[in-house]
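Please look through the structure below together with its sequence. The text after it goes from the whole chain to single residues.

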Amino acid sequence: MPDYHDDLRLAHVLADAADAATMDRFKALDLKVETKPDMTPVSEADKAAEELIRGHLHRARPRDAILGEEYGLEGSGPRRWVIDPIDGTKNYVRGVPVWATLISLMEAGEDGFRPVMGVVSAPALNRRWWAAKGAGAFTGRSLTSATRMQVSGVGRISDASFAYSSLSGWEEQGRLDGFLDLTRACWRTRGYGDFWPYMMVAEGSVDICAEPELSLWDMAANAIIVQEAGGRFTSLDGVDGVDGGNAAASNGTLHDELLGYLDPRS
């Protein structure tokens, strides 16, 4: 199995640089915010962080492709870095500390590109999580100061904690009734939002989470971390991986039952 330690070390360096840049503008009174064509916000900090990461990658991994939320795909080849400079921009611009930089490495295989390494860094929460294929998932301050993560052992939906981002999107996809049934069946529900539910699934503090509409850069880093912590990450239709445009993550044990609520075809 390939060793991704050097890539993981580089991703931590990238996250350190992004953390410094984003924290410098967090809660700035003169922060510039624009609306993109899809009607989502983008701040000057989003753009600056992605430009910073791309610059580092051009120097350190000139042969690798880069895909970022703000500036698209650059380059080609079997290795592709995927960047979400600020996952949770709406939180960022309102001064809510739940946002993170997501950095992942994907490699081409027989079934397309798949995440092999990921780092999620949330500096306003003073938290960071990471994983590499075959090496496990960890959280901590650095590679040398970390705790290994493991998903929960909860085996019944009635005992499960379910996290989600918001209600929007579920009705548009004809999944709202199932979503509401799931919230009633669970022990606890919380709308933590964005990257955080996936990290809590990996840590074992939350058992299941799902979102109805996502882009690749929203999922790649989260997916490898959940999987390396022993969990499962699929589309709402049950297809493993990050190509479905939406996501369901769990401790594995509860996954089929989770999908049963959220896939109207089941």
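What follows is a walk through a predicted model, from overall dimensions to helix packing and then to individual loop positions.

The protein chain holds 7 helices and 15 strands. Its C-alpha trace spans about 50 × 45 × 35 Å along the principal axes. How does the radius of gyration of the protein chain stand against that of a compact globule? For 266 residues, a compact globule would have a radius of gyration near 18 Å, and the protein chain has 18 Å, so the two agree. Burial can be given for the chain as a whole: 51% of the 266 residues count as buried. The exposed surface of the protein chain comes to about 12,000 Å², and 48% of it is supplied by carbon and sulfur atoms. Among contacts with a separation of 6 or more, 60% are accounted for by residues 24 or more positions apart.

Helix packing comes next. Helix 4 (residues 176-185) and helix 7 (residues 255-262) pack with their axes 7 Å apart, at an angle of about 135°. Angles over 145 degrees would count as roughly antiparallel and those from 65 to 115 as roughly perpendicular; helix 4 and helix 7 are therefore oblique to each other. Which residues make the contact? Helix 4 contributes Gly178, Phe179, Asp181, Leu182 and Ala185, while helix 7 contributes Leu258, Tyr261 and Leu262. Sorted by class, this contact of helix 4 with helix 7 has 6 nonpolar residues, 1 polar and 1 charged.

One of the residues in that contact, Ala185, can be followed further. Ala185 lies in helix 4 and counts as partly exposed, because its relative accessibility is 23% and the cut-off for buried is under 20%. Not counting residues up to four places away in sequence, Ala185 touches Ile157, Ser158 and Tyr261. Tyr261 belongs to the helix 7 side of the packing described above. Along the chain, Ala185 is 57 residues from Val242, and the C-alpha atoms of these two are separated by 27 Å.

Is helix 5 (residues 196-203) mostly covered or mostly uncovered? Helix 5 is mostly covered, with 6 of its 8 residues buried. The buried residues are Pro197, Tyr198, Met199, Met200, Val201 and Ala202. Just after helix 5 comes Gly204, which takes a positive phi of about 90°.

Positive phi also appears at residues that are not glycine. Most residues other than glycine have a negative phi. Lys27 has a phi near 70°, a positive value in a residue other than glycine. Lys27 sits in the loop between helix 1 (5-25) and strand 1 (33-35), and its relative accessible area of 58% makes it exposed. Asn126 has a phi near 60°, again positive in a residue other than glycine. The loop that holds Asn126 runs between strand 7 (112-122) and strand 8 (127-132). With a relative accessible area of 51%, Asn126 is exposed, given that the cut-off for exposed is over 50%.

Three further loop positions remain. Ser168 is in the loop between strand 11 (161-164) and helix 4. Ser168 is exposed, at a relative accessible area of 53%. Its C-alpha atom is separated by 9.5 Å from that of Glu211, 43 residues apart along the chain.

Lys133 is found in the loop between strand 8 and strand 9 (136-142). Its relative accessible area is 41%, so Lys133 is partly exposed. Lys133 and Arg79 are 54 residues apart in sequence, and from C-alpha to C-alpha they are 14 Å apart in space.

Leu143 has its place in the loop between strand 9 and strand 10 (145-148). Leu143 is partly exposed, with a relative accessible area of 32%. Which residues does Leu143 touch, not counting residues up to four places away in sequence? Leu143 touches His5, Leu8, Arg9, His12 and Trp130. By contrast, Leu143 and Ser158 are 15 residues apart along the chain, with their C-alpha atoms separated by 36 Å. Ser158 has appeared above as one of the residues that Ala185 touches.

Technical notes: Residues numbered from 1 in each chain as written. Predicted model: local features only at pLDDT ≥ 70, side-chain atom pairs only at ≥ 80, totals over all residues. Heavy atoms only, no water. Axes fitted to C-alpha atoms, helices over the stretch in contact; angles between N-to-C directions. Helix = DSSP H or I, 4+ residues; strand = E, 2+ residues; numbered from the N terminus. Parallel < 35°, antiparallel > 145°, perpendicular 65-115°, else oblique. Contact = heavy atoms within 4.5 Å. Nonpolar A, V, L, I, M, F, W, Y, C, P; charged D, E, K, R; others polar. Rg over C-alpha atoms; globule rule 2.2 N^0.38 Å. Buried < 20%, exposed > 50% of the residue type's maximum accessible area, 1.4 Å probe, protein only. Areas by Shrake-Rupley, 256 points an atom, 1.4 Å probe, with all protein chains shown as cover.
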